[in-house]
Amino acid sequence: MSGLCGMVTFRGSPIEHVYLEKLASAAPHRGTATTWAHEDAGLAVLGAGADGALRSDSGLVAAVHARFDNGAAVAAEVERGGRGVPPDVRPADLLIAAYQSWGTDCVRRFVGDFALVIWDSRRRQLLAWRDPMGMRPLYYRHNGSGVAFASEVAQLLALPDQSVRIRERAVLNYLAGRFGELDSTFYQGIHSVPPGCVLIADSTGTRVRRFWDVDPAYVLPDLGEDVFAEMFREVFTEAVRCRVAGRQLGILLSGGMDSGSIASVAGTRPAPGTRLHAYSFAFEELSECDERRVSRILVEAFGLPSTEIPADARWPLSRYPEHGPHRDEPFIGVFQPLLDEALARAAADGMEAMISGDRGDLVVGDEVYDELGLARAGHLGSVLGALRARSGATGRSMPRVALDRLGRPLLVSRWPGDRLAWLRRWLQARLIRATPSPPPWLATPLPGPHRAEEMSDWRAAPLLRGAARQRRHELIFAPMHHRGVLWSERTNARHGVGFVDPWSDRRLAELILAMPQYRVQAWDQPKSLLRAAMDGVMPDAALRRATKVDPGPFYELALRDKARATIDHLLTDSRAAAAGWVDGPRLRNAYEGFLAGEALRPEFWWALSLEMWLRAHFD
């Protein structure tokens, strides 16, 4: 496990070396610090190993927490430009060589998971980049005289002169299930470098600029299901290979297509020195949540070592407060105790990292159906079948379904030119997706749109051709998923295990967003493109049976029965209510209504996790 931290000053005064030590020691689970310091700058890499490195050369110092998938190609390009690169070049050396060749935009050439920092002492400028898929965290604090940065917010909070003040805006958005402020944290004065962006800090201040996004002009014609399946299989195989080759890795193996595809690709083409160990959750009481009927097929087919983790006793909120939120933020997953158990076992088994398929549903999942694209391509029979199926599932009339699935996307997808982009986005927001109302227990009105001068030039998302393609982009880069990635990476790091997700590969996102979306997801077969690509790779029995299992009954059982006393404790003398953020009686009424058989809004979990966070870190 690795991480970064450091600080620079811009007023000529030397840094306090004890501050650098405090930054490094605040995240001991990320490993021993390797440091570089000179008067007005200090950088450190934690747990320097395969992913972490520190390097200084010709007035440049690079701190790297990265895995470059195309390092050899970038090195060759550097050499063609006249700069020598050693054959066994490490990420930090390659970053410096690329920066010397192409400047700030050099990182656009890199593919992989990374957080990168360069201190350019000649220009007295700090640059910090974060990969487009947001797989490696990077936070910073600017206090006017300098900048400190780190892999965890808790490291920045460890600085002696850091006042700890919660951002009410972040709390209120969190309670409403809104996660769009990718540049901010839950603490005043501490920011996050957004995915796909570079932080530039110097004596004039800080600014953030986007260095990568999907190319709206890259659109593929309809090449047919077989061709697209082969293209996908090739890119997905490379995404898996880059992450597993020569490593000792665990994989959270469920009964669905996402993790099953990873295991199948890795098992079909095993790389030398690779060891893959499967971890599956075993439900005995709730058989509807158990997925071993598929995972066992894969384990047997590829001869994987396997550990089945008893799940029934590790329900949500079990052993509270042992599995509570980290100091960085209140966000935790519902099934945190179960995940902690899997990671603890993986660490004990010597696994370097744990593979998950977190982004699979977003990249190829069944939420996006492109009936309008089907109609434009002349597949009218498929369009009629899709509309009939949706009418039957929703109980709405065919004309209403046709208006929703064809008319509205047609309206918002026909506006030409950038001059009308603002109107198109407005129509998309209001005609395609309704904004949900805030939960009734929110005691303070939600804040308006976020404004920050230093973040003004990175926010605009690309305008892609077609409503379905735009929606797929929004899913792949969903702010809530970015928040989940941070939680997963941080949780894994606390167990000394890396976080790996082949589905979070930039090349995969680029390919999927270039395809006609009706080829990614057919209306009558979940994850149709993925299933076609895995034909002949995943064992037939697993391919036929693989399906997404809803763990909702496990969550509901905990709320109704097993965790009831814990929830009652959290709702009593609420810290969030005392702060004026939550209406305590309304929140309790919502829970009691759930116990009586009423539906419970999903934001209830955010209220519970916020309460756990406040009690753990601010009592």
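Here are two short exercises on a predicted model, each with a worked solution.

Residues count from 1 along each chain as its sequence is written, and side-chain values use heavy atoms, without hydrogens and water. Local features need pLDDT of at least 70, and side-chain atom pairs count only at pLDDT 80 or more, while totals for chains, interfaces and linings use all residues.

**Exercise 1.** Work out how helices α2 and α3 are placed relative to each other.

*Solution.* Start with the elements: α2 spans residues 71-80 and α3 residues 91-102 (helices are DSSP runs of H or I, at least four residues; strands are runs of E, at least two). Next, take the axes, which come within 10 Å and cross at roughly 40° (lines fitted to C-alpha atoms over the stretch in contact, with angles from 0 to 180 degrees between N-to-C directions). The pair is therefore oblique (under 35 degrees is roughly parallel, over 145 roughly antiparallel, 65 to 115 roughly perpendicular, the rest oblique). Finally, list the contact (heavy atoms within 4.5 Å): G71, V74, A75, E77 and V78 of α2 meet L94, A97, A98, S101 and W102 of α3.

**Exercise 2.** Find which strands pair with β8, and name a bridge partner in each.

*Solution.* Pairing requires at least two DSSP bridges between two strands. First, β8 (residues 139-142) pairs with β9 (residues 146-150) in the antiparallel sense over four bridges, and Y140 has F149 of β9 as its bridge partner. These two strands form a hairpin with three residues between them, where G144 in the turn has a positive phi of about 100°. Then turn to β10 (residues 190-192): three bridges join this strand to β8, again antiparallel, and R141 is partnered by I190.
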